[in-house]
Amino acid sequence: MNIVGMLLGIKECAVMKGMIIMENKGWLGDVLECVNSIPADIFSLSDIYEYVDELHEKHPNNQNVEAKIRQQLQVLRDRGVIVFLGNGNYKKVESYLNR
């Protein structure tokens, strides 16, 4: 398990071109994939909410996708992948993505 995988708590994980690639999916992996697909380093909660329909398709039993997204963003924040800037804004951690 590499350092990125250790931080995220996943066995199969790699960093390619500043994007984290994860083998096992789930909510954390799916939200991280959404974060990775946003080209800017600073993004907003509304940017992530653009993926609500996609995430609902992947997790049809979850009726509160927005709350789950916020929860997973907190996990990513706690693991040092993103920083919460306030007012619904986040920043990708450059040093983390360059590992």
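**Figure 1. Arg-77 and Asp-78 paired up through their side chains.** In this close-up, the two side chains meet in a salt bridge, with 2.7 Å from N to O. Keep in mind that the model is a predicted one. How exposed is each partner? Arg-77 has a relative accessible area of 36%, so it counts as partly exposed. Asp-78 comes in at 58%, which means it is classed as exposed. Elsewhere, salt bridges with shared partners tie Asp-30, Glu-33, Glu-54 and Lys-58 into one network. Over the whole structure, the search turns up four salt bridges.

**Figure 2. Glu-33 reaching Lys-58 across the chain.** Here we zoom in on a salt bridge whose closest N and O atoms sit 3.1 Å apart. It links distant parts of the chain: Glu-33 belongs to helix α2 (residues 27-37), Lys-58 to helix α4 (residues 52-58), and the two are 25 residues apart. Neither end is buried, because the cut-off for that is under 20% relative accessible area. Glu-33 has a relative accessibility of 31%, so it is partly exposed. Lys-58 is partly exposed too, at 37%.

**Figure 3. Glu-54 and Lys-58 within helix α4.** Lys-58 shows up again, this time in a salt bridge with Glu-54. The closest N and O atoms of this pair are 3.7 Å apart. How far apart are the two along the helix? They are separated by four residues, about one turn of helix α4. Glu-54 is partly exposed, with a relative accessibility of 35%. As a general point, side chains of opposite charge can pair when their charged atoms come close.

**Figure 4. Strand β5 and its two faces.** This view follows residues 89-92 and the way their side chains point. Which ones are buried? Tyr-90 and Lys-92 are, and they point to one face; Asn-89 and Lys-91 point to the other face and are not buried. That back-and-forth fits the general rule, because in a regular strand the side chains alternate between the two faces of the sheet.

**Figure 5. Strand β5 alongside β3 and β4.** Strand β3 (residues 42-44) runs antiparallel to β5, and three bridges join the two. On this side, Ser-44 stands opposite Asn-89. Strand β4 (residues 82-86) also pairs with β5 in the antiparallel sense, over four bridges. Here the facing residues include Phe-84, which stands opposite Tyr-90 in β5.

**Figure 6. The turn of the β4-β5 hairpin.** What sits between the two strands? There are two residues, and the strands on either side form a hairpin. Look for Asn-87 in the turn: its phi is positive, at about 55°.

**Figure 7. Stepping back to the whole protein.** After the close-ups, here is the bigger picture: the protein has six helices and five strands. Starting from the N terminus, the elements come in the order α-β-β-α-β-α-α-α-β-β-α. Of the 99 residues, 40% are buried. Among contacts with a separation of 6 or more, 49% are between residues 24 or more positions apart. The accessible surface amounts to about 5800 Å², with 49% of it belonging to carbon and sulfur atoms.

Definitions and conventions: Residues numbered from 1 in each chain as written. Predicted model: local features only at pLDDT ≥ 70, side-chain atom pairs only at ≥ 80, totals over all residues. Heavy atoms only, no water. Buried < 20%, exposed > 50% of the residue type's maximum accessible area, 1.4 Å probe, protein only. Pairing = 2+ DSSP bridges. Contact = heavy atoms within 4.5 Å. Areas by Shrake-Rupley, 256 points an atom, 1.4 Å probe, with all protein chains shown as cover.
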